[in-house]
Amino acid sequence: MTEILVSEKLIHLRNDRISYAIGLLEGGIPAHLYFGKRVEKLNPSSLLRAAWLPGDGSFSMQNCTLDHTPQEYPAFGLGEMREGALIVRRENGTRTADLRFVSAGVMDGKPELAGLPATFGEACKTLKLRLRDELLNLDVVLLYTIFDDCDAIARSVLFENNGAEELNLERCYSLCLDLPDSRYDLITLSGAWAREREIVRRPLVMGQQGVGSIRGASSLQTSPFMALLRPETTEEQGEVIAAALVYSGNFTAQAYVDPNRYTRMMMGINDTGFQWTLCAGATFQTPEAVLVYSAAGLDGMSSQFHRLCADHLVRGRYAHAPRPILLNNWEATYFDFDEEKLLSIARTAAKVGVELFVLDDGWFGHRDSDNSSLGDWFVDKRKLPGGLTSLAEKVHSLGLKFGLWFEPEMISPDSELFRAHPDWCIHVPGRTHIEGRNQLILDLSRPDVCEYIYNALADNLSSSGIDYVKWDMNRNFTNVGSALLPPERQKELPHRYMLGLYGILERLIHDFPHVLFESCSSGGGRFDMGMLHYMPQTWTSDDTDAVCRCRIQYSTSLVFPPFAMGSHVSAVPNHQTGRVAPITTRGNVAMSGCFGYELDLNRLPEEDLKEVEKQIQRVKEYRQTLLYGEFHRLLSPYEGNDTAWITVAPDKNEAILMLARALALPGTYPPLVRLRGLDPAKTYRILETGETYGGDELMNIGLCIPLPWGDAASVSYTLKAE
Ligand code: DGJ
């Protein structure tokens, strides 16, 4: 049962499996006591004594420093010598805050966070812990939601300036978690374009460590995610405490180990280039961070994140629905297409069973390359003389849905929009524009710009028979400045940009509920829980090479479930790596996500086209399990030559197992792969081999899986309970 127990000195949040405890020190400072496995009785005195407070555990502000005290929301300036979660500047320039307990309210369910993406749910309870700095007249409300069905706590902070003085938030993180030791490894995800989210695991060391982005987006280079796990923790066992930010802009995710070997974990908006002016009477809501606890290794952590994404984050018609198998023309034609070329691909796509045809970049303005027209969202009649409506009708008449690419946040210097509104881009007056991919970024902190973007999209969506939108974003912030914001609010731009973007998305998904949105940012440059709240799938990476995709999808699955990952079969030699992987492997890897093709089917050899038809039939038959089953990683491409994973239907009657090998190595034996997630008492038939095994046998002993000859070999087995 989920409950939040509030007593004079102790607040205890718990569900059937986890507990989170807060102690109230003398004077009302909220101390962090515990986050982990559920406990029945919680006597805080031992926790407070255990070196967390000096001497006998008593606390007095006169001669005490908070340097050793585990806190829920440490602020700069109150004897706290570590980096804290909050820095507030007053009009007189001083920066100290002293937050004391006012009240603890408990509500059923969870409040929405104004203007921000957030988890939601009815089967949960929320604690509102109100703190106050009397001198600043600042109320700080710490929000904690605990879910019935997830071992997760969602946290965020609301600031209310109740005084007459103007305050400035120079730092206001979403999460601080103080842990009583530092015997942890830290996992973060770091990468690059076409090599997103590589797993980086290292032991915690004394001092500050972590990742962050000041690029204006969560980024290709890293992700708003961190996990602390015991050194002995593996995929299958051991403790993990992990956090992810439900936000898509600049962030920080830090672990700090102090000289006493306590660990402080913090996450929130990156304070580099950030500040928020809080006028008298104003409020500020931070993004939400979700904390997950697992006593069952990384597999347990991922299953909590996956459940959160599935049941508490993604919205709309497609949240739990089969995703259409798509064909995207990008790698098939790039900018070089006309209506007939597109339709010839669409006709073949329809014949082999594809369900959605997506027209990517190049359909608008006069965009024959990436150096023009972003912002001019009207059709290029040279390429599509009948316009979008006619193309959409023709695609629909083939029995396919029609999808379209936009990059709404951008503006090309060579565009009608830029000529009309040169001040609509993010820029610094007097500085030469710094272009990325020949484009500039629209200033989404401006309401007029947001209105333009909404209308441009809404006009197209209302008139052109569009069933799907690929929402791209292909560069990061430079020369950060807004023509509209006053000098003292320029540092608000990156966050105001995110609020502007979220506002547009909220309106669009509300007004066009039938449209399936897929988020993209040069591939997976904004693959985060924020975007997932609006768009149920994200293009995982521009790297469609099956061997690379094993790594990328494997690591992405640490946080995100298969239904969140766009994954396509593309042509060989692969356009990113030059590798020639068999069509079977390209299909086997791609079908562990939102499946599709990104090639000219008319150029495929006959036997490959037959294979495509078979793949599509198989995905249609098993996509509910492939997308929404329980996903388990079995062999890591970060530790060897092989990748394996399995997706198991919730009733455990069906599973799809995938094994891929990067390089053929002579003298190696087929791997014995121990499966997970099956029912030990059931007997499973492998449809492809006809063999039957017990669930316990497959999980305890494993399955020896012979692979075909050659590099990038793979098999995908269908397991059915008998
Ligand atoms: C980057 C995306 O990741 C690609 O899939 C493609 O849509 C291009 N942009 C188009 O410019």
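Start your tour by selecting Met565 in this predicted model. Setting aside residues up to four places away in sequence, Met565 touches Phe527, Thr538, Thr540, Gln553, Thr556, Ser557, Phe560, Gly593 and Cys594. Show those side chains too, and keep them on screen for the next steps.

**Stop 1: around Met565**

Colour residues 565-570, and you have strand S30, where Met565 is found. Is Met565 buried or exposed? Its relative accessible area is 2%, and because buried means under 20%, Met565 counts as buried. Now draw a distance from the C-alpha atom of Met565 to that of Gly593: the two are separated by 5.1 Å, although they sit 28 residues apart along the chain.

Next, select Thr538, one of the residues that Met565 touches. Thr538 lies in strand S29, residues 537-539. With a relative accessible area of 1%, Thr538 is buried. Not counting residues up to four places away in sequence, Thr538 touches Glu518, Ser519, Phe527, Leu532, Ala564, Met565 and Gly566. Phe527 is worth a label, since you will meet it again: it is touched by Met565 and by Thr538.

**Stop 2: the domains**

Zoom out and colour the chain by domain. Use 75-312 for domain 1, 326-628 for domain 2 and 635-721 for domain 3. How far apart are the centres of domain 2 and domain 3? Taken over C-alpha atoms, 33 Å separate them. The contact between these two domains takes 17 residues from domain 2 and 26 residues from domain 3.

**Stop 3: the largest pocket**

Keep the domain colours on and turn to the largest pocket, which has a volume of about 440 Å³. To find it, select Glu235, Tyr554, Leu635, Ser636 and Glu639, the closest to its centre of the 21 residues that line it. Two elements each give two or more residues to this lining: strand S13 (198-203) and strand S32 (630-635). Strand S32 gives the most, with three residues.

Try colouring the pocket lining by residue type. You should find eight nonpolar, five polar and eight charged residues. Which domains does this pocket lie between? Domain 1 and domain 3 both give residues to the lining, so the pocket lies between them.

**Stop 4: two cavities**

The model has seven cavities of 30 Å³ or more. The largest cavity holds about 100 Å³ of space. Select Ile29, Pro30, Leu66, Gln71, Tyr73, Ala75, Leu78, Glu80, Ala97, Asp98, Leu99 and Leu131 to see what lines it. That lining divides into nine nonpolar, one polar and two charged residues.

The second largest cavity has a volume of about 70 Å³. Lining it are Leu189, Arg197, Ser223, Pro224, Phe225, Ala244, Leu245, Phe527, Asp528, Met529, Val559 and Phe560. Here is Phe527 again, as part of this lining. By type, the residues are nine nonpolar, one polar and two charged. Your domain colours help here as well: domain 1 and domain 2 both contribute to the lining, so this cavity lies between them.

**Stop 5: Met226**

From Phe225, one of the residues lining that second cavity, step along to Met226, in strand S15 (residues 225-229). At 0% relative accessibility, Met226 is buried. Leaving aside neighbours within four places in sequence, Met226 is in contact with Leu186, Ile187, Thr188, Ile241, Ala242, Ala243, Ala253, Gln254, Ala255, Met265, Met266 and Met267. Pick the C-alpha atoms of Met226 and Met266: 9.6 Å separates these residues, which are 40 apart along the chain.

**Stop 6: the nonpolar cores**

Which residues touch the most other members of the largest nonpolar core? They are Phe159 and Trp363, in a core of 148 residues. Domain 1 and domain 2 each supply at least three residues to this core. Apart from it lies another core of 37 residues, among them Leu189, Ala310, Ala564 and Cys594.

Finish by centring the view on Trp363. Beyond its neighbours within four places in sequence, Trp363 is in contact with Phe337, Trp377, Phe378, Val379, Asp380, Leu384, Leu388, Leu404, Trp405, Phe406 and Asn460.

How values were computed:
Residues numbered from 1 in each chain as written. Predicted model: local features only at pLDDT ≥ 70, side-chain atom pairs only at ≥ 80, totals over all residues. Heavy atoms only, no water. 1 Å grid on protein atoms, 1.4 Å probe; cavity = no way out; pocket = protein on both sides within 12 Å on 5 of 7 lines; lining within 4 Å. Points joined across faces, edges and corners; volume = space filled by probe spheres on them. Helix = DSSP H or I, 4+ residues; strand = E, 2+ residues; numbered from the N terminus. Nonpolar A, V, L, I, M, F, W, Y, C, P; charged D, E, K, R; others polar. Domains from an automatic or database assignment. Core = buried A, V, L, I, M, F, W, Y, C linked by side-chain atoms within 4.5 Å. Buried < 20%, exposed > 50% of the residue type's maximum accessible area, 1.4 Å probe, protein only. Contact = heavy atoms within 4.5 Å.
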